[in-house]
Amino acid sequence: MQAIEPAYGAGTLMLIAAAAVAVLLFLIMKVNLHPFVALVLVSVLTAIAAGIPVGDIPDALAFGFADTIGAVALLVGFGIMLGRLLEITGGAQVLADTLIGRFGEKRAPLALGVAALLFGFPIFFDAGLVVFLPIIMTVARRFGGSLLLYALPAAGAFAAMHALVPPHPGPVAAAEALDADIGLTLLVGVPIAVVSWYVGVMLVSRVLGRRVFVDVPEALFGELNGGRDADTEGTTGTAPAFLTVLALLLLPMVLISFNTVLNTLIAARVIGEDATWARYLMLLGNTTVALLITVVVAILVLGLREHAMADITTILDKALGPICSIILITGAGGMFGGVLELSGIGEALSGSLSDLGMSLIVQAFIIATLLRVAQGSATVALTTTAGLLSAGAAQADLSSLQLTLMVIAIAAGATVLSHVNDSGFWLVSRFFGMDVKTTLKTWTVMETALGLSAFVLALALWMVA
């Protein structure tokens, strides 16, 4: 659906967006209205207030909801199935024990974060988080304390890699718009992502984990006893080998890398767009297909070791029940963000900020941040900002390194201040069993620290480039 011609100026649209967020927070936090109902209601009211034609409002609501559900529902469904199989067979416990044995109890959060950084190179944020959930929960149950101590380092690692490092789509799209070198963006983005993660995520999560206690939610996987529950009664209790579990976790990573890496090579014209072999590998690397293949392999390798297929079907069916709320709320969050996007707030805001009279890298960060806060989608903020500044960057005759640093600055701005108009905010909130207030105090703070850390590093390099 095309963006609708803005009915008001940027200032008015910003006030409408701010009022919509305030009403949403009031309904959820004060009235205790269910988030799904509140999000849909506020989306309708925002569409009316923003001047979207009444006849177009149903399509505007469906735009963000369908787009988000299409990306999230299959991914979360297959991810929870895989997580459940790892959980009931003891695979998650085996991996957790091995990580803790290598790193030690005190370094368990660091171990999870480092593993997520490695897995996060080719795999998208939401897919990586879903696959890592059972390991995070298992480690958190074992050592106690706030779930945030273990969840934020891993989730933040996936967020850092997804936002800053090719071949993820955001930095690739920005690099293409600014005519920056993708290879150099990768070489610069990786160390900046790692340092930003340690400063903005690892250190911050230690403070947040001590101040905010979040218990391990039981809705997704249930209370376990040594990696077992009621679904596994009557089994021998033989846990799978560590290498088997590791191979299962690496499988979607390898498959998804086919898609992300080949997309990058095609964009760089290293491989032709019509290469049939590349298209087949990219199909295998589609996130949904990759997770489907992984679930099938997990059933064969883990499930059938101790269960009949009928029992496995029952186990997987039980795993899907608790995620209905997660999917619907996440989709409604996408609906709210989609309405803000279609209202034309991004176009109006970017037009009014086109000439701020400051350094290009600072402009990049500020514009991306404002667009991110206004309409929620990091991808929209990133691509819009890159397109807006592409002409100025070309006229400034920037070096390859400076263009790359602009990409990093835009990605940093598109990362900060994740809040209620961001579908990822709701995914984290539901997965970790946090209410809106707690998610704002933790996830939003951590995402902001991550983005600011990346921008400071990019700005420092810009000054000496």
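This passage goes through the nonpolar cores, the salt bridge and one pocket of a predicted model. Local features need pLDDT of at least 70 and side-chain atom pairs count only at pLDDT 80 or more, while totals for chains, interfaces and linings use all residues. Side-chain values rest on heavy atoms, with hydrogens and water left out, and residues are numbered from 1 along each chain as its sequence is written.

The largest nonpolar core (buried Ala, Val, Leu, Ile, Met, Phe, Trp, Tyr and Cys residues joined through side-chain atoms within 4.5 Å; buried means under 20% relative accessible area with a 1.4 Å probe, protein chains only) holds 134 residues. Val76, Leu147, Leu164, Met406, Phe431, Phe432 and Trp443 touch the most other members. Helix H7 (residues 148-164) chips in the largest share, 13 residues; helices are DSSP runs of H or I, at least four residues, numbered from the N terminus. Apart from this core sits another of eight residues, including Ile52 and Met335.

As for charges, the whole structure turns up one salt bridge (a side-chain nitrogen of Lys or Arg within 4 Å of a carboxyl oxygen of Asp or Glu). Glu447 and Arg372 form the bridge, at 3.5 Å from N to O. Glu447 belongs to helix H20 (residues 436-464) and Arg372 to helix H16 (residues 360-375), 75 residues apart in the chain. Both Glu447 and Arg372 are buried.

Key:
Buried < 20%, exposed > 50% of the residue type's maximum accessible area, 1.4 Å probe, protein only. Helix = DSSP H or I, 4+ residues; strand = E, 2+ residues; numbered from the N terminus.
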